[in-house]
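Colleague: I would like a close look at one part of this protein, the open sheet and what surrounds it. Please take me through it in one go, with the whole chain as background.

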Amino acid sequence: MATQPMQNLEKAIRQNGLVRFVEHFAQQYPDSHLKDMIVDRLGPNREMEVQGREVINFGSDSFLGLDQDPRVREAIERGLHHWGSHNGASRAFSSVRSNEQAEEKLAAWLGTEAALIYPSVSLTNLGALPGLVTKRDLLVIDEHAHNSMQDGARIAQANGVRVVPFSHCDPDDLDRTLEAAGEYRVAVVAIDGVYSMTGALPPLAKLNEVCLRRNAVLYVDDAHATAVLGPHGRGTVLDALGTYDNAFVIGSLSKGFSCFGGFIGCKREFKQLLKIRSNTFIFGGPVPPAYLDAICVVCDILASSEYDIIRARLTRNLTQLIRGAEQLGLVVLGAETPIVSILVGDEDVTLQAGKFLFEQGFYVQSVTFPAVPYHAGVLRIQVNANHQPGAITGLVHGLAKLAESFALPTTRNELRRAA
Ligand SMILES: Cc1ncc(COP(=O)(O)O)c(C=O)c1O
């Protein structure tokens, strides 16, 4: 039996607008609400057993399929044998040798002087971003930057740092914002390398030009580009800027890398400073050693010519899906990365559309407000290199049936509306 204060606390949380919104949909559409799903089995080509049925999983960020690669799995097994399940010490005290090796390999693959690994990208943003700025500095953040950077900015603000937003992907507004800020010692500008909900890529070169003119440094969360965009999967930054001289690049080890963690690529001096300044690095545990061994193996794969072969399989699958969806007249968003979003619209229809495809044997993510704007729900389809071409054909057929059964927005309607 919960105590009175516990009951009061539960009631208080239920008064929150977002909680009310989410619980309303969960109650109204208990069958189509495919959230909190329990997965019982995963197969080598994205087969997935859920609720006693087999579907093809189009909801994995493990874009290259390296989670199923025997070399990566063996590295984890070897690491487990060598290190045990966890070394159980903050890196402020000690790091296992594999941590040093993984950071060296990451930096060599990325082309930065150094890299520092955190247990996740969120913990990188919660530790490194507030760690880079103090009271006399300025933190400027894209209004649509990932939630973990917004949270990192809130920590910086609580530490007395001035934090100001600027308009999404808009270099002119960044310029105006930095000018309007008045005096500051130095500014850090936090953005995503890829905005995963829309697939938008920021104008990195133009943003960097503004930064250089206005005494500011770029901080790019490239989580969704790591291992899938740019030569050898190095992400968006080096391609766009030609150098890391004025940019920190943050990458994911849990998505395209299929391992565990996040990292920041930076100069050697900053690695040293961030070890002192990042609370999430100091006051928390590290990535388990066996996963660090697997990160070393993935770095070798990405740096080798094999990367292009794996990436070509991903491109083939992506092209097949995009073509198929476009031929059906569906509104396809994103598609710069292996995440393809199909516009649906109303929240309830988006949930029902996801359930419809699930019944056809394909799991895709129904994404609704607040992750996307209100009434602009999408089906989010994550394409992986280890999807079989037959699975993509099947999904396109499923989308065709969906378009027959639901009044989905089409490119024709959208063009008419825009005219
Ligand atoms: C841009 C960006 N940053 C951070 C994260 C969170 O990464 P992690 O799961 O490693 O905390 C995500 C997750 O999707 C992301 O898209």
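Modeller: First, a term: the radius of gyration here is taken over C-alpha atoms, and the globule rule is 2.2 Å times the number of residues to the power 0.38. With 419 residues, that rule puts a compact globule near 22 Å, and the protein has 22 Å, which agrees. Keep in mind that this is a predicted model.

Some background on the whole chain. The C-alpha atoms fill a box of roughly 60 × 60 × 55 Å along the principal axes. The protein has 16 helices and 15 strands. Buried residues make up 45% of the 419. Take the contacts with a separation of 6 or more: residues 24 or more positions apart account for 74% of them.

The domain assignment gives two parts. Domain 1 covers 22–57 + 306–418, and domain 2 covers 69–303. Their C-alpha centres lie 29 Å apart. The contact takes 13 residues from domain 1 and 14 residues from domain 2. On the domain 1 side, the elements giving two or more residues are α13 (306–327), β11 and β12.

Now the sheet. It is open, has 4 strands, and reads β11-β12-β15-β14, with antiparallel pairing. The edge strands are β11 (332–334) and β14 (365–367), and each pairs on one side only. On average, neighbouring strands are turned by 35 degrees against each other, direction ignored.

Look at β12 and β15 next. Strand β12 spans residues 339–345, strand β15 spans residues 377–382, and 6 bridges join them. The two run antiparallel. One pair to find on your screen is isoleucine 342, whose bridge partner in β15 is leucine 379.

A helix accompanies these strands. Helix α14 (residues 347–359) lies across β12, β14 and β15. Its direction is at about 30 degrees to β15.

The loop between β14 and β15 deserves a slow look. Most residues other than glycine have a negative phi, and most peptide bonds are trans. Proline 370 sits in this loop. The peptide bond from phenylalanine 369 to proline 370 is cis, with omega near 10 degrees. Histidine 375 is in the loop between β14 and β15 too. Its phi is positive, about 60 degrees, although it is not a glycine. Histidine 375 counts as partly exposed because it has 13 C-beta neighbours inside 10 Å.

For a parallel case, go to histidine 232, in the loop between β8 (216–221) and α9 (237–241). Histidine 232 has a positive phi as well, near 55 degrees. With 19 other C-beta atoms within 10 Å, histidine 232 is partly exposed; a residue needs 20 or more to be buried.

Last, the nonpolar core. The largest one has 115 residues. Those with the most contacts inside it are Leu139, Val188, Val189, Ala190, Ile295 and Val298. Helix α12 (residues 289–303) gives the most to this core, with 10 residues. Domain 1 and domain 2 both give residues to this core, so it lies between them. Take valine 188 as an example. Leaving out residues up to four places away in sequence, valine 188 touches Leu132, Val133, Asp137, Leu139, Ala216, Val217 and Tyr219.

Terms used. Residues are numbered from 1 along each chain as its sequence is written. This is a predicted model: local features need pLDDT of at least 70, side-chain atom pairs count only at pLDDT 80 or more; totals for chains, interfaces and linings use all residues. A residue is buried if 20 or more other C-beta atoms lie within 10 Å of its own, exposed if 12 or fewer, and partly exposed in between; C-beta atoms are placed from the backbone. Two residues are in contact if their C-beta atoms, placed from the backbone, lie within 7 Å. Two strands pair if DSSP finds at least two bridges between them. Axes are lines fitted to C-alpha atoms, for helices over the stretch in contact, and angles run from 0 to 180 degrees between N-to-C directions. A nonpolar core is a set of buried Ala, Val, Leu, Ile, Met, Phe, Trp, Tyr and Cys residues joined through C-beta atoms within 7 Å. Domain bounds come from an automatic or database domain assignment.
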